[in-house]
Amino acid sequence: MIDEGKPIFLQIAEQIENDIIDGTLAEESQVPSTNEFAAFHRINPATAGKGVNLLVDEGVLYKKRGIGMFVATGARDALVKKRRTQFVDDYVRPLLAEAEKLGIDPRTLSGLITDTSAEASDQKSAATARS
């Protein structure tokens, strides 16, 4: 899981975010401790703590004194909203800019995306049928 190109504490925060978004960590459920993250990933507990505290600062997690960290109510919706905004900024805007450079209008681009998605779906179905 550790990617050398990104700070480890950010990767810990992203892992927790992913677990909240996909439902592995439900709202109001307890998050593994920083020591558990540290042991699992073989990292310094302070590094794991920095990732957890980042999410506390964002209101995604909260601390119950003496018990641990928990997922805040509304965290999943807030994370999905944040990720959608990031998705638009990181992928959609650059895609539109490149399409414009190539003279591809939005309607044609939409068709290309639909066709490519259908091809990927067909390939996935074919691979599943072979298994």
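This passage describes the nonpolar core, the largest pocket and selected residues of a predicted model.

Local features were taken from this predicted model at pLDDT of at least 70 and side-chain atom pairs only at pLDDT 80 or more, while totals for chains, interfaces and linings use all residues. Residues are numbered from 1 along each chain as its sequence is written, and side-chain values rest on heavy atoms, with hydrogens and water left out. Secondary structure elements are DSSP runs numbered from the N terminus, with helices being H or I runs of at least four residues and strands being E runs of at least two.

The largest nonpolar core contains 18 residues. A core of this kind is a set of buried Ala, Val, Leu, Ile, Met, Phe, Trp, Tyr and Cys residues joined through side-chain atoms within 4.5 Å. Buried denotes a relative accessible area under 20%, exposed over 50%, and partly exposed the range in between, computed with a 1.4 Å probe on protein chains only. The members that touch the most other members are Ile16, Ile20, Val31, Phe37, Val60, Leu61 and Val71. At least two core residues come from each of helix 1 (8-21), helix 2, helix 3 (45-57), strand 2 (68-71) and helix 4 (75-101). The greatest contribution is that of helix 1, with four residues. In soluble globular proteins, nonpolar side chains tend to be buried together.

Two of these core residues, Ile20 and Val60, were examined by their contacts, where contact means heavy atoms within 4.5 Å. Ile20 is located in helix 1 and counts as buried because its relative accessibility is 2%. Apart from neighbours within four places in sequence, Ile20 is in contact with Leu25, Val60, Leu61, Val71, Ala75, Arg76 and Leu79. With sequence neighbours within four places again set aside, the contacts of Val60 are Ile20, Leu55, Phe70, Val71, Ala72, Ala75 and Leu79. The C-alpha atom of Ile20 is separated by 17 Å from that of Thr85, which lies 65 residues apart from Ile20 along the chain.

The largest pocket holds about 170 Å³ of space. Pockets were sought on a 1 Å grid over the protein atoms alone: a pocket is an open set of points with protein on both sides within 12 Å along at least five of seven lines, in contrast to a cavity, where a 1.4 Å probe fits but cannot get out, and lining residues have an atom within 4 Å of a point. Grid points are joined across faces, edges and corners, and the volume is the space filled by probe spheres set on the points. The lining consists of Lys6, Leu10, Ala13, Glu14, Glu17, Leu54, Leu55, Glu58, Lys82, Arg83 and Gln86. Helix 1, helix 3 and helix 4 each provide at least two of the lining residues, and helix 1 gives the most, with four. By class, the lining comprises four nonpolar, one polar and six charged residues. In this classification Ala, Val, Leu, Ile, Met, Phe, Trp, Tyr, Cys and Pro are nonpolar, Asp, Glu, Lys and Arg are charged, and the others, Gly among them, are polar.

Polar contacts were found for two buried residues, Gln11 and His41. A polar contact is a pair of N or O atoms within 3.5 Å; within protein, one must be able to donate a hydrogen and the other to accept it, and residues adjacent in sequence count only if both atoms are side-chain atoms. Gln11, in helix 1, has a relative accessible area of 5%, and its side chain reaches the backbone oxygen of Lys6 at 2.7 Å. His41 belongs to helix 2 (residues 34-41) and has a relative accessible area of 12%. The side chains of His41 and Gln15 are joined by a polar contact of 3.0 Å.

Positive phi values occur at Glu28 and Arg42, neither of which is a glycine. For Glu28 the angle is about 75°; this residue lies in the loop between helix 1 and helix 2 and is partly exposed at 38% relative accessibility. For Arg42 phi is about 55°. Arg42 occupies the loop between helix 2 and helix 3 and is exposed, at 78% relative accessibility.
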